[in-house]
Amino acid sequence: MVNKVDLHTHTIYSDGNLTPKELLNLANEKEIKGISITDHDNILGIKEAQFYGDKLGIEVIPGVEISTDIEDFEVHLLGLFIDINNIELNKYLNFFREERYYRAKRIIKKLRNIGLPIAIEDVELKAKNSAIGRPHIAKAMVEQGLIQNYYEAFEKYIGDNGPAYEKKIHISPISALKLINDANGLCFIAHPNYIKENILIFLIKSGIDGIEVVHPSHKKFQVRFYRELVNHYCLLETGGSDFHGQTKNDEDNFGKYYISYQKVSAMKKMLIKHKI
Ligand code: AMP
Ligand code: ZN
Ligand code: FE
Ligand code: FE
């Protein structure tokens, strides 16, 4: 039997539903032998995950999923084996969080000016531990009875052309790649089927370490295609379930989308090479 490894999961430290402890217990039930916690722009769940991983005999690889922007497209990058104490990485993540908070406040101010009184506290409740985004504002507006449904918020007010829209800060994928590599991590393109092929090729040529080949959103032919790319450009392969613990489907995917431990060994060999 293969040793299942899932290198893409979320916890309550971003938009997941489970604590790192609960996630590790579920991984144990599903006979997953290695896991990476890759919360969105957040690394606060990793220590707790490592603590329970040690107890259960599950290897926990420190990770993060960083949101980046290029040509107005969002690109998610996975940093694996990162040093969670790296100062620059921590500085960036704190900065990102603060900027998202101040942007939410600016949106809220605009909403107030057009007669939609919403409080930052209500939005924060929706965001829980995640960096605040427009979906949280939309949810809070619905809850406060200011609009009928979630989509109305985007259509009328906070969509890209709406009267209460505010730009967000963006980091380029190239800057995020450097941030991850400088924190001793390997950098992978997450779920590449969401990005245009020219951007994918650009990132490969810019020195990305690997590609997420296995992901629930990938069809069989895409898995084959991304694996061919990995082989062609001598890259590393990663994969996982992108588990958030939000739906039954999500739960089924956990333990179903994984890579073998061999792939992790290849990553470790590359890390040794990086250090020489
Ligand atoms: P933010 O990062 O705060 O700008 O929020 C981006 C997120 O808002 C996207 O990932 C979507 O989930 C959501 N979103 C953006 N535009 C729309 C839209 N027109 N309708 C529904 N959801 C949207
Ligand atoms: Zn997510
Ligand atoms: Fe993602
Ligand atoms: Fe994800």
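What spacing do the donors of the iron ion (ligand 4) follow along the chain? Reading along the sequence, the pattern is H-x1-H-x54-E-x176-D. Keep in mind as you look around that this is a predicted model.

Let's put names to those letters. The protein donors of this iron ion (ligand 4) are His8 and His10, each through NE2, together with Glu65 through OE and Asp242 through OD. They lie 2.1 to 2.3 Å from the metal. Both histidines are tucked away: His8 is buried, with a relative accessible area of 0%, and His10 is buried with a value of 0% as well. What about the geometry? The angles among the four donor atoms run from 77 to 162°, and the site of the iron ion (ligand 4) counts as irregular. For reference, four tetrahedral donors would ideally sit at 109.5 degrees.

Now look for the zinc ion (ligand 2). The iron ion (ligand 4) and this zinc ion are separated by 4.5 Å. There is another iron ion to find, ligand 3, and 5.8 Å separate that one from the zinc ion (ligand 2).

Which residues hold the iron ion (ligand 3)? Its protein donors are Glu65 (OE), His76 (ND1) and His191 (NE2), lying 2.0 to 2.2 Å from the metal. You have met Glu65 already, as it is also listed among the donors of the iron ion (ligand 4). In sequence, the donor residues of ligand 3 are spaced E-x10-H-x114-H. His76 lies in strand β4 (residues 73-80), while His191 lies in the loop between β5 (186-189) and α8 (197-205), so the pair ties together parts that are 115 residues apart in sequence. His76 is buried, with a relative accessible area of 15%, and His191 counts as buried too, at 7%.

Let's leave the metals and turn to helix α4, which covers residues 120-127. Which of its residues are buried? They are Ile120, Val123 and Ala127. These residues cover an arc of only 60° around the axis, which puts them on the same side of α4. There is a simple rule behind this kind of pattern: an α-helix has 3.6 residues a turn, so residues three or four places apart point the same way. And what do the buried residues of α4 pack against? Their partners are α3 (87-113) and α5 (134-143). Just after the helix, α4 is followed by Lys128, and the phi of Lys128 is positive, near 50°.

Conventions
Residues numbered from 1 in each chain as written. Chains lettered and ligands numbered in written order. Predicted model: local features only at pLDDT ≥ 70, side-chain atom pairs only at ≥ 80, totals over all residues. Heavy atoms only, no water. Buried < 20%, exposed > 50% of the residue type's maximum accessible area, 1.4 Å probe, protein only. Helix = DSSP H or I, 4+ residues; strand = E, 2+ residues; numbered from the N terminus. Arc of directions from axis to C-beta. Contact = heavy atoms within 4.5 Å. Donors = N, O, S within 2.8 Å, 3.2 Å for Na, K, Ca; no water. Tetrahedral: all angles 85-135°; square planar, octahedral: opposite > 155°, others 65-115°.
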